[in-house]
Amino acid sequence: MANSISSVRGTITEVQRFSVHDGPGIRTTVFVKGCNLHCFWCHNPETHRLAPELELHPDRCIGCLACVAACERHCHEVTSEGKVFHREDCIACGACARECFADALHLVGREVSVGEIMGDILADRAFYANSGGGVTISGGEPLLQPEFTAALLTACREEGIHAAIETAVQFPWERVAAVLPLVDLLMMDIKVMDEATHRRVTGVGNARILENARRIAASGKPMIVRTPVVPGVNDTSEAIGEIAAFVRGLPTLQYLDLLPFHPMAAGKYDSLGRAYEARNLPRPTSEHMEALAQRARAEGIEVRLGRN
Ligand code: SF4
Ligand code: SF4
């Protein structure tokens, strides 16, 4: 690998080995930090912001107060009400987390080089070969860090490792097109076809996303479309039918993946000090998911029920 590729740096939250839900076979999934959509039900709030952040897990705290001594900005304070955290003053330097041996503080987000990540990726090369797997770059939004994502994909390509990207494609076409020659598979979400609803639940309209989906398919790139099924957003036969009718027109579609919403991310929002609007939404039942899948299959496409 050329040094110019190996040294490119990006900010990630995690490198997950042995993943079986992010594309074919056994994969290593690299979760990058930062996203340009704001889906209110998102299961990965730790990827929303580009910068590192401190997660707090008060249930693990043993009250040693090492964090109070470690923070020069006095973000951790002991008051008559107990221990309080001044998040607004935190610069995510990680000093307190390094001193917290109870694992009650965790810095999420770290800057890494492509060379460092490739070390992890190559360690599992035999599993990719035996399972038809590879590497998936997910997030967050990989195309918010285009140089890092392109360098990592290039390194995978040089090693002959199958590479996939999971992106919302909410970008000018040029940014999407630049990465297509570097990926074997593109996975993208289509959350809802109605423009106003899409804007209300994600913060952005869907015209560019749908247009990019058409252009990706026209380029010949294999693609998987994923739809998180969220109560009150798109969990009706009509809404899923509209998505299925659209993806039927994408000639390189491998399948539509329907992923049920689950409320298990609430703890992540709490640890980041953020409100979670989807906290009380119910998880769609398996029977309802199967009925929605049948509706989508009526459009003549392959539909899978995935795990979100
Ligand atoms: S260092 Fe960790 S365990 Fe100790 S008081 Fe701070 S948060 Fe609690
Ligand atoms: S991450 Fe740094 S600034 Fe933030 S609370 Fe810990 S020591 Fe203070």
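Guide: Before two helices are compared, their axes must be defined: an axis is a line fitted to the C-alpha atoms over the stretch in contact, and the angle is taken between N-to-C directions. Please bear in mind that this model is predicted.

Visitor: How is the packing of two helices described?

Guide: Two packed helices are described by the angle between their axes together with the distance separating those axes. In this structure, helix α10 (residues 237-247) packs with helix α12 (residues 286-297) at about 40°, and their axes are 8 Å apart.

Visitor: What does that angle make α10 and α12 to each other?

Guide: An angle under 35 degrees would count as roughly parallel, and one from 65 to 115 as roughly perpendicular. α10 and α12 are therefore oblique to each other. The crossing of α10 past α12 is right-handed.

Visitor: Which residues make the contact of α10 with α12?

Guide: From α10 come Ser-237, Ile-240, Gly-241 and Ala-244, and from α12 come Leu-292, Arg-295 and Ala-296. By class, four residues of this contact are nonpolar, two are polar and one is charged.

Visitor: Where do α4 and α6 stand by the same description, in angle and axis distance?

Guide: Helix α4 (residues 114-123) and α6 cross at roughly 40°, and their axes come within 10 Å. α4 and α6 are therefore oblique to each other, and α4 passes α6 in a right-handed crossing. On the α4 side, Val-114, Ile-117, Met-118 and Ile-121 take part; they meet Phe-148, Ala-151, Leu-152, Ala-155 and Cys-156 of α6. This contact has nine nonpolar residues, no polar and no charged ones.

Visitor: How should a salt bridge be read, and how many salt bridges are found?

Guide: One looks for a side-chain nitrogen of Lys or Arg within 4 Å of a carboxyl oxygen of Asp or Glu. The whole structure contains 21 salt bridges. In one of them, the side chains of Arg-125 and Glu-159 meet at 3.0 Å, N to O. This pair joins distant parts of the chain, 34 residues apart: Arg-125 belongs to helix α5 (residues 125-131), while Glu-159 lies in the loop between α6 (146-158) and β9 (163-167).

Visitor: Which residues are around ligand 1?

Guide: A ligand may be read through its shell of residues. Around ligand 1 are Cys-61, Cys-64, Cys-67 and Cys-100, among others; Lys-83 is also included. That shell divides into ten nonpolar residues, one polar and one charged.

Visitor: What surrounds ligand 2?

Guide: The surroundings of ligand 2 include Cys-71, Cys-75, Cys-90, Cys-93 and Cys-96, as well as Arg-73 and His-76. By class, this shell has nine nonpolar, two polar and one charged residues.

Conventions. Residues numbered from 1 in each chain as written. Chains lettered and ligands numbered in written order. Predicted model: local features only at pLDDT ≥ 70, side-chain atom pairs only at ≥ 80, totals over all residues. Heavy atoms only, no water. Axes fitted to C-alpha atoms, helices over the stretch in contact; angles between N-to-C directions. Helix = DSSP H or I, 4+ residues; strand = E, 2+ residues; numbered from the N terminus. Parallel < 35°, antiparallel > 145°, perpendicular 65-115°, else oblique. Left-handed = near helix turned anticlockwise from the far one by under 90°. Contact = heavy atoms within 4.5 Å. Nonpolar A, V, L, I, M, F, W, Y, C, P; charged D, E, K, R; others polar. Near = heavy atom within 4 Å.
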